[in-house]
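Reader: Hi! Could you walk me through this structure?
Author: Happy to, here it is.
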Amino acid sequence: MTKKFTAFAGVFEQRLNLIKKDLRNEISKAKGDRQKIRLKKLVKEAKELRDLVRELKPKCPHCGGEL
């Protein structure tokens, strides 16, 4: 198991928050005005970043909760 660098976890969290904001804005548009390709790309990137952030966040070795 390789050790992950967590120095950029905050940067990834900020990027994830920006993507979520863009998704909310895109979904708030009328259905005909939405860009399907852009939505799919944003959702895919958000899921990847979400998983990465979850992996990088420090967890308690005893209970598994956040530190």
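Author: We can go through the nonpolar core and then the salt bridges; keep in mind that this is a predicted model.

Reader: Great. Which residues make up the largest nonpolar core?
Author: That core has seven residues: Leu16, Ile19, Leu23, Leu39, Leu42, Ala46 and Leu49. Helix H1 (9–27) and helix H2 (36–56) are the elements that give two or more residues to this core.

Reader: And which element gives the most?
Author: That would be H2, with four residues in the core.

Reader: Is there a general idea behind that sort of grouping?
Author: In soluble globular proteins, nonpolar side chains tend to be buried together.

Reader: Let me zoom in on one of them. What does Leu42 touch, leaving out residues up to four places away in sequence?
Author: Leu42 touches Ile19, Asp22 and Leu23 on that count. Ile19 and Leu23 belong to the core along with Leu42.

Reader: Nice. Switching to charges: how many salt bridges does a search of the whole structure find?
Author: Five in the whole structure. One of them joins the side chains of Arg15 and Glu45, at 3.2 Å from N to O. Arg15 sits in helix H1 and Glu45 in helix H2, 30 residues apart, so this pair links distant parts of the chain.

Reader: Are those two buried or exposed?
Author: Neither, by the cut-offs: Arg15 is partly exposed at 38% relative accessibility, and Glu45 is partly exposed too, with a relative accessible area of 28%.

Reader: Asp22 came up earlier. Which residue does Asp22 form a salt bridge with?
Author: With Arg38, and the closest N and O atoms are 4.0 Å apart. This pair also links distant parts of the chain, with Asp22 in helix H1 and Arg38 in helix H2, 16 residues apart. Asp22 is partly exposed at 29% relative accessibility, and Arg38 is partly exposed at 32%.

Reader: What about Arg38 and Glu26, what is their N to O distance?
Author: Their side chains meet in a salt bridge at 2.8 Å, N to O. Arg38 lies in helix H2 and Glu26 in helix H1, so the pair ties together parts that are twelve residues apart in sequence.

Reader: And is Glu26 buried or exposed?
Author: Glu26 counts as buried because its relative accessible area is 2%, and buried means under 20%.

Reader: Last one: which residues are linked in a network of salt bridges?
Author: Asp22, Glu26, Lys29 and Arg38 are linked that way.

Conventions: Residues are numbered from 1 along each chain as its sequence is written. This is a predicted model: local features need pLDDT of at least 70, side-chain atom pairs count only at pLDDT 80 or more; totals for chains, interfaces and linings use all residues. Side-chain values use heavy atoms; hydrogens and water are left out. A nonpolar core is a set of buried Ala, Val, Leu, Ile, Met, Phe, Trp, Tyr and Cys residues joined through side-chain atoms within 4.5 Å. Buried means under 20% relative accessible area, exposed over 50%, partly exposed in between (1.4 Å probe, protein chains only). Contact means heavy atoms within 4.5 Å.
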